[in-house]
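Reader: I would like a close look at one part of this structure, the charged pairs, and then an account of how that part sits among its surroundings. Please take the time to connect the pieces.

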Amino acid sequence: MKNFSSLNGVNDKILKIKQLLFELEKDAKQFPALDRNSKRALASIKMLELNISDIVEFDLADS
Amino acid sequence: MNQPEYWNPALETMPLEKLKLLQFKKFKRILNWAYTHSKFHKALYDTEGMTPDDIRSFDDIKKIPKVEKSMMREIQSKDPFPYGDALCVPLEEVSTYRQTSGTTGQPVYQPDTWQDWEWWSECWSFVLWAQGYRPKDRVFIPFGYNIFVAFWAGHYAAEKLGCEVVPGGVLDTQSRILKIKELNATAMMATPTYVLRMADVAKNKMGIDPSELSINKITCAGEPGAGIPSTKKRMEDAWGAKVYDHSGATEIGAWSYECRDQPCGMHVNEAMFLVEIEDINTGEITEEPGRKGKMIITALDRMAQPCIRFDSKDVIEWDSDLCSCGRTFRLIKGGVLGRADDITKVKGVLLSPAAIEEVVRSIDGLGDEFEIIVDKQGDVDRIKLKVELLPEVTRVSIENRLKDQLRLKTNLGYMIEFYDYGSLPRYEVKAKRFKDLRKK
């Protein structure tokens with residue numbers, strides 16, 4: 001995994017964004033624009049998880 | 001600045017042993033998800049006395065029962081309407097409906113959540129990036145945007161890559177060609193049948209040479225043509241463009257792609273899918289290169305209606321070599337070689353319609369269209385092959401060469417019928433060129 005020695009760092013950032021979006025979504029049930037856009041953004045974050053986080057969390061990144 | 005070669009360098013160049021570990025862990029995750037969220041999957045595995053905990057090694061995966069398309073009829077007769085009990089999410093989370101064409105039976109309804117739809121375009125992003133699509137491209141998509149998945153996800157993936165997308169939806173063929181010309185589109189996605197059809201219309205009805213248009217790459221899907229060398233050559237010659245193969249399916253996803261190195265095969269996206277090859281005769285799962293079999297496939301991240309060990313009926317074989325592009329995703333040699341449903345015994349010999357296509361399209365003087373009809377004359381199988389002669393080409397100059405090549409490539413004799421150019425049916429999406437009348 002050339003040039004990707006810091007996948008752990010990238011993953012930390014992904015998890016932070018995810019956490020923030022969860023918080024936005026949780027507090028937004030009476031605010032559809034916030035609720036639905038947070039949900040949609042979480043679907044995009046999931047693609048970052050498939051691309052990066054799985055590698056880190058399954059312990060497959062180069063040490 | 002140079003654009004990177006890979007969409008995801010970490011996954012696409014991951015050593016094979018790590019990829020296998022990734023697949024194993026993702027397989028367990030999707031299996032557990034399906035087991036705990038779908039009545040159908042739970043019942044299927046309970047009947048076999050299996051739970052996700054029983055999958056302890058990669059080899060255990062083959063113990064999980066396969067799912068066949070024919071099972072979907074019963075599944076989809078149950079609640080919730082219209083998807084049935086393979087659905088793993090509340091109905092209100094389904095954001096997109098698609099369905100299969102129903103060519104092999106009742107159409108299968110396919111629910112996707114927004115996350116699944118993101119996943120679809122993510123898988124297509126691997127395809128398009130590997131084929132050289134970049135933000136500077138203007139991509140023309142000449143298909144009827146409708147209930148079939150076709151190039152929908154290709155559209156969204158091209159947008160994600162930063163390309164400019166021109167949706168060529170309800171335009172007729174001539175209008176599409178004029179729009180490509182007007183906008184200087186650089187790339188296109190279509191079935192091989194339609195790529196050839198568009199070239200034919202441009203040349204013979206509009207006096208436009210498609211190779212002088214600005215299209216420099218074409219992604220083909222829906223049929224095996226871009227993996228058949230003579231058909232690929234016809235398309236590339238007609239358009240003066242690189243033609244790349246891709247394979248996907250409504251119930252599966254976009255699982256394979258040819259890269260810019262054109263390795264005479266397609267990469268399996270082994271980060272997103274687990275492909276197993278099952279020997280048609282023995283049922284054994286084989287990893288051996290060069291051994292043809294049916295593809296059993298798992299979409300490792302598809303959530304609403306999971307695709308776990310789905311018997312696709314596609315016939316494929318692993319290539320023994322890795323690709324020169326540097327991807328570690330393995331290649332299937334020659335792409336999808338055919339459908340197990342279509343590969344049939346004629347006079348005791350296995351016949352693949354793709355082998356006939358390879359011969360017909362390799363002979364100059366024959367048109368792009370052809371039709372194969374297998375029937376019986378008394379108790380004896382007979383293959384009728386209908387072909388078109390291009391204008392000013394004589395039957396005498398072609399017939400012996402065609403017969404010899406067919407005999408050489410398929411070990412069978414044919415009753416050949418020659419037709420004037422333009423007589424056989426034309427198709428705009430997937431063609432139906434093979435009919436086996438013995439099955440009635």
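In which helix of chain B do Glu182(B) and Lys179(B) both lie, and how many residues apart are they?

Author: Glu182(B) and Lys179(B) both belong to helix H7 of chain B, residues 173-183, where they stand three residues apart, about one turn of the helix. The model is a predicted one, and every value below is computed from it. In this model the two side chains meet in a salt bridge, with 3.0 Å from N to O. Glu182(B) has a relative accessible area of 55% and therefore counts as exposed, the limit for that class being over 50%. Its partner Lys179(B), with a relative accessible area of 27%, is partly exposed.

A pair with this spacing is also found in helix H8 of chain B, residues 192-205, which holds both Asp200(B) and Arg197(B), three residues apart and about one turn of the helix from each other. Their side chains form a salt bridge with 4.0 Å from N to O. Here both partners are buried, since burial requires under 20% relative accessible area and Asp200(B) has 14%, while Arg197(B) has 17%. Salt bridges can also be joined through shared partners, and one network of this kind takes in Lys66(B), Glu68(B), Glu278(B), Lys294(B), Asp311(B) and Lys313(B).

Over all chains the structure holds 51 salt bridges, and one of them links distant parts of chain B. The side chains of Arg327(B) and Glu12(B) meet at 2.7 Å, N to O, although the two residues are 315 residues apart, with Arg327(B) in the loop between strand S13 (310-316) and strand S14 (331-333) and Glu12(B) in helix H1 (residues 9-12) of chain B. Arg327(B) is buried, with a relative accessible area of 1%, and Glu12(B) is likewise counted as buried, at 0%.

Charged pairs occur between the chains as well, where the count for chain B and chain A is two salt bridges. A salt bridge joins the side chains of Asp54(A) and Arg29(B), with 2.9 Å from N to O. The contact around it draws 20 residues from chain B and 16 residues from chain A, and the two chains bury about 1800 Å² between them, 65% of it on carbon and sulfur atoms. On the chain B side, the residues that lose the most area to chain A are Ala10(B), Lys18(B) and Trp114(B), which together account for 25% of what that side buries.

Chain A also has a nonpolar surface patch of about 260 Å², made by Leu24(A), Phe31(A) and Leu34(A). Of these, Leu24(A) lies in helix H1 of chain A, residues 7-26, and is partly exposed at 38% relative accessibility.

Two charged residues of chain B deserve separate mention for their surroundings. Asp137(B), in the loop between H5 and strand S3 (138-141), is buried at 2% relative accessibility. Beyond its neighbours within four places in sequence, Asp137(B) is in contact with Gly132(B), Cys163(B), Glu164(B), Thr186(B) and Lys217(B). Lys232(B), in helix H9 (residues 229-239) of chain B, is buried at 13% relative accessibility. With the same sequence neighbours left aside, the contacts of Lys232(B) include Asp245(B), Glu258(B) and Gln262(B).

The nonpolar side of the picture begins with the largest nonpolar core, which has 91 residues, and those with the most contacts inside it are Trp119(B), Trp124(B), Leu128(B), Met189(B), Trp255(B), Phe273(B) and Ile297(B). Helix H5 of chain B (residues 114-130) gives the most to this core, with 10 residues. Apart from this core lies another, of 25 residues, among them Ile177(B), Met188(B), Val195(B) and Ile215(B). Phe273(B), when neighbours within four places in sequence are left aside, touches residues including Trp119(B), Cys123(B), Trp255(B) and Ile297(B).

Notes
Residues numbered from 1 in each chain as written. Chains lettered and ligands numbered in written order. Predicted model: local features only at pLDDT ≥ 70, side-chain atom pairs only at ≥ 80, totals over all residues. Heavy atoms only, no water. Core = buried A, V, L, I, M, F, W, Y, C linked by side-chain atoms within 4.5 Å. Buried < 20%, exposed > 50% of the residue type's maximum accessible area, 1.4 Å probe, protein only. Helix = DSSP H or I, 4+ residues; strand = E, 2+ residues; numbered from the N terminus. Contact = heavy atoms within 4.5 Å. Patch = residues over 30% accessible without salt bridge, like charges linked within 9 Å, V, L, I, M, F, W, Y side chains within 5 Å. Areas by Shrake-Rupley, 256 points an atom, 1.4 Å probe, with all protein chains shown as cover. Buried area = accessible area lost by both parts, 1.4 Å probe.
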